[in-house]
Amino acid sequence: MSERSESTTGRAAAPKVTAESEVAEICRDLIRIDTSNYGDGSGPGERKAAEYVAEQLAEFGLEPQIFESAKGRASTVVRIEGEDRSRPGLLIHGHTDVVPANAADWTYDPFAGEIADGCVWGRGAVDMKDMDAMTLAVVRDRLRTGRKPPRDLVLAFLADEEAGGTYGARFLVDKHPGLFEGVTEAIGEVGGFSFTVNDRARLYLIETAEKGMHWMRLTVEGRAGHGSMENDDNAITELCEAVARLGRHQFPLRITKTVRAFLDELSDALGVELDPENMDETLRVLGGIAKMIGTTLRNTAQPTMLGAGYKVNVIPGQATAHVDGRFLPGYEEEFLAELDSVLGPRVKRESVHSDRAIETSFDGALVEAMQTALRAEDPIARAVPYCLSGGTDAKSFQDLGIRCFGFAPLQLPPELDFAGMFHGVDERVPVDGLKFGVRVLDRFIDAC
Ligand SMILES: [Zn+2]
């Protein structure tokens, strides 16, 4: 029996499933799978999420692979053949783990995936089960309607991003680099979200750079002794002076090429000249996203932990502190030299963990494809580059020579404190934002 004759039997046709119609549901399903990452392996792991993702893709004939780096720490990868297989591939990556959430602080249970007030609520709603869901919804729709991407797509849904990616992106890049064979470009978090300047301009911030990090342990050795005695070489005193100097130190303003490009675009959108030397004024204009931009204007080093001593009447021979240092692309050497000069010769500095800064230029066909896709759905859209102060899995993919962008398109209501949603209480994403995102993503894939 043909389709036509079936539809004439008078049975009501089922509502047509589209990317827009199912994206919120997929996002809610993912939020309901608790993938809290405590950073010490004590969480539930990402296995269930990896299986869910694989099922969503397998339903339309793909053969996704699940890679387990440690018990329960699973990632899902699949390659979708493009029209022109001679062209380099595009990676779309997202992480499935989330930071933990304390339910008592939330309006709705952070793992219930409540849909209320036009939003999907829950841990991971913006970081980043939203993009995972958008990717799945768009790819499912393209498979359902038989629309091949113009070139190969590799989709990676990754474990462990929130703890540095050791059991996710880093593991796959080191142990299974063949999965990314021929891939030259990638999109992932944290970018593509909107910032409404006025009724004539809406910026969409595309991440083209990330600060690097140095987590450090500082140690001062002094002369141990009785607490009742005079001691001119007290390790605690020496260390605290150095840590206080560092904590109060302001590193100099450094306008990287990404920040420069961002300021140029913003000046243009506002129709006013922005003086990079007067960033206070510029940050005032930026409202909610000022804290994201402000921290990408300089290197930073924040003392975060202190340790010394074991008894009130004993002067210890050693005192330690930990510092979270972040440096701009191109300024790592300057950062370390300045850090050492502020700390002084008494402080021994060791690395606990470090990762590179990355930066790519805001140009080329892929950037054009982002601009075009955004503009088609939002006439006042303007894609602008920005630097992320934190790090993402992009750092691992950079090792394979892949050019990485943060592009997870979302149109947001101006009043939503988007930056505050990341790892925040009452994390939520507007359903309309998700629908906008799938439309843009679908157009972007067409044009990639
Ligand atoms: Zn994230």
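Start by selecting helix 6, residues 235–248: its 14 residues reach 20 Å from the first C-alpha to the last, close to the 20 Å expected at 1.5 Å a residue. The expected span is 1.5 Å times one less than the number of residues. Helices here are DSSP runs of H or I with at least four residues, strands are runs of E with at least two, and both are numbered from the N terminus.

Before you go on, a word about what is on your screen. This is a predicted model, in which local features need pLDDT of at least 70, side-chain atom pairs count only at pLDDT 80 or more, and totals for chains, interfaces and linings use all residues. Residues are numbered from 1 along each chain as its sequence is written, and side-chain values use heavy atoms, with hydrogens and water left out.

**Stop 1: around helix 6**

Stay with helix 6 and show the side chains of Ala235, Leu239, Ala242, Val243 and Leu246, which are buried. Buried means under 20% relative accessible area, exposed means over 50%, and partly exposed is in between, with a 1.4 Å probe and protein chains only. Those buried residues cover an arc of only 95° around the axis, which puts them on the same side of helix 6. The arc is that of the directions from the helix axis to the C-beta atoms. A general rule helps here: an α-helix has 3.6 residues a turn, so residues three or four places apart point the same way.

What covers the buried residues of helix 6? Select strand 10 (212–221), strand 12 (300–308), strand 14 (318–327) and helix 10 (332–343), which are among the covering elements.

Now move to the N-terminal end of helix 6 and click on Asn234, which caps it: a side-chain oxygen of Asn234 lies 2.8 Å from the backbone nitrogen of Ile236.

**Stop 2: the zinc ion**

Next, select the zinc ion. Which residues coordinate the zinc ion? They are His95 through NE2, Asp127 through OD, and Glu189 through OE, listed twice, at 1.8 to 2.7 Å. Donors are N, O and S atoms within 2.8 Å of the metal (3.2 Å for Na, K and Ca); water is not among the atoms, so sites may look incomplete.

Try the angle tool: the four donor atoms subtend angles of 51 to 155° around the zinc ion, which makes the arrangement irregular. Four donors count as tetrahedral if all angles lie between 85 and 135 degrees; four count as square planar and six as octahedral if opposite donors are over 155 degrees apart and all others between 65 and 115; anything else is irregular.

Along the sequence, the donor residues follow the spacing H-x31-D-x61-E. His95 sits in strand 3 (residues 89–95) and Asp127 in the loop between strand 5 (119–121) and helix 4 (129–144), so the pair ties together parts that are 32 residues apart in sequence. His95 and Asp127 are both buried.

Look at the backbone beside two of these donors. A cis peptide bond joins Asp127 to Met128, with omega about -10°. Another cis peptide bond joins Glu189 and Val190, with omega about -15°. Val190 is in the loop between strand 7 (183–188) and strand 8 (193–198).

**Stop 3: Asp97**

Now click on Asp97, in the loop between strand 3 and strand 4 (115–116). Is Asp97 buried or exposed? Its relative accessible area is 0%, so Asp97 is buried. Leaving aside neighbours within four places in sequence, the contacts of Asp97 include Thr35, Asn37, Glu46, Asp127 and Leu158. Contact means heavy atoms within 4.5 Å. The Asp97 side chain also reaches the backbone nitrogen of Glu161 at 3.1 Å.

**Stop 4: along helix 4**

Select helix 4, where 14 of the 16 residues are buried. One residue to show in helix 4 is Asp141, which counts as buried at 13% relative accessibility. A polar contact of 3.2 Å joins the side chains of Asp141 and Arg144. A polar contact is a pair of N or O atoms within 3.5 Å; within protein, one must be able to donate a hydrogen and the other to accept it, and residues adjacent in sequence count only if both atoms are side-chain atoms. Just after helix 4, find Gly146, with a positive phi of about 65°.

**Last stop: two residues in loops**

Finish with Asp117, which has a positive phi of about 50° although it is not a glycine. Asp117 counts as exposed, at 68% relative accessibility. Then jump to His423, also not a glycine, with a positive phi of about 65°. His423 lies in the loop between helix 13 (418–421) and strand 19 (428–430), and counts as partly exposed at 43% relative accessibility.
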